[in-house]
Amino acid sequence: MVTVATWNINSVRLRMPIVARFLQEQAPDILCLQEIKCQEEQFPYEAFRALGYEHFAVHGQKGYHGVATVGKVPFKEFSRHDWQDNGEARHVGVELTSPAMQGMVVENVYVPAGGDEPDRTINPKFGQKLDFLDRMTRWAETIDRPTLIVGDFNIAPLESDVWDHKALLKVVSHTPLEVETLQRFMDAHGWSDIGREHIKAPERYYSWWSYRAKDWKANDRGRRLDHMWASPELSKQTTGHSVHEYARDWEKPSDHVPLVTEFTL
């Protein structure tokens with residue numbers, strides 16, 4: 001069995017104490033982090049090594065964005081795509097190399113948030129987000145390996161992925177245009193949405209709660225922005241999926257919580 005976790009950590013150095021707590025409690029084989037907000041040489045490698053995580057693929061940049069994949073199991077860096085076509089560090093892919101897992105690819109991505117206005121004519125960031133997803137879609141059409149893509153997609157596609165479907169229809173992350181664009185990405189490879197394979201709609205499923213809410217748990221105005229999608233053949237090997245909401249209550253939390261999927265390989 002192999003377990004893979006994904007978590008938008010919103011600064012890995014600031015939140016290393018809760019990362020360590022999560023790894024000690026859950027011990028996934030692989031952890032994919034987004035929004036690490038540091039350059040590669042600033043990544044806290046020794047803190048991870050002390051926890052038994054000795055394998056790294058880090059794509060960072062100063063102060064913003066950045067993704068990192070760390071593992072207890074061996075892998076090699078497989079890919080770095082610039083799907084925003086502007087040099088931002090938003091993707092890294094790894095190939096698992098241990099005999100039991102050899103050949104599986106794990107892609108770690110941080111999709112742009114897209115700004116506040118869902119109109120690319122007045123908000124260039126929204127256009128960049130849609131273009132990013134279009135480039136991902138063209139890439140997905142060429143995949144010929146068992147692949148898991150995880151990360152902060154910054155889109156909550158289903159009505160039960162948000163606290164109020166009608167209220168958020170014109171809010172970036174849940175607009176029909178974003179949902180349609182994400183669906184094209186899904187169709188391009190026949191991805192399986194692992195979260196929703198295990199937590200069936202219309203059951204509530206969130207992974208993000210705004211810092212602006214004074215009491216995130218009582219208000220529960222969440223969205224499912226984080227995803228784990230698998231190639232069709234790989235999705236058949238999933239045995240479990242969990243959402244670790246309690247991490248949103250930890251000291252100095254991220255506004256996102258970790259997701260974990262288990263595979264039999």
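**Reading the core and strand S8**

Me: Which residues have the most contacts inside the largest nonpolar core?

Reply: Val4, Leu96, Met104, Val106, Leu148 and Phe263 do, in a core of 25 residues. A nonpolar core is a set of buried Ala, Val, Leu, Ile, Met, Phe, Trp, Tyr and Cys residues joined through side-chain atoms within 4.5 Å; buried means under 20% relative accessible area with a 1.4 Å probe, protein chains only. In soluble globular proteins, nonpolar side chains tend to be buried together. This is a predicted model, in which local features need pLDDT of at least 70, side-chain atom pairs count only at pLDDT 80 or more, and totals for chains, interfaces and linings use all residues. Side-chain values use heavy atoms, without hydrogens and water, and residues are numbered from 1 along each chain as its sequence is written.

Me: What does Val4 touch?

Reply: Contact means heavy atoms within 4.5 Å. Leaving aside residues up to four places away in sequence, Val4 touches several residues, including Ile30, Met104, Leu148 and Phe263.

Me: Why is S8 described as largely enclosed by the rest of the structure?

Reply: Strands are DSSP runs (E, at least two residues), and helices likewise (H or I, at least four), numbered from the N terminus. Six of the six residues of S8 are buried, so S8 is largely enclosed.

Me: Which strands pair with S8?

Reply: Two strands pair if DSSP finds at least two bridges between them. S7 runs parallel to S8, with six bridges, and S12 pairs with S8 in the antiparallel sense over five. Asp152 of S8 is the bridge partner of Tyr110, and Asp226 in S12 is the bridge partner of Asp152.

Notes:
Buried < 20%, exposed > 50% of the residue type's maximum accessible area, 1.4 Å probe, protein only.
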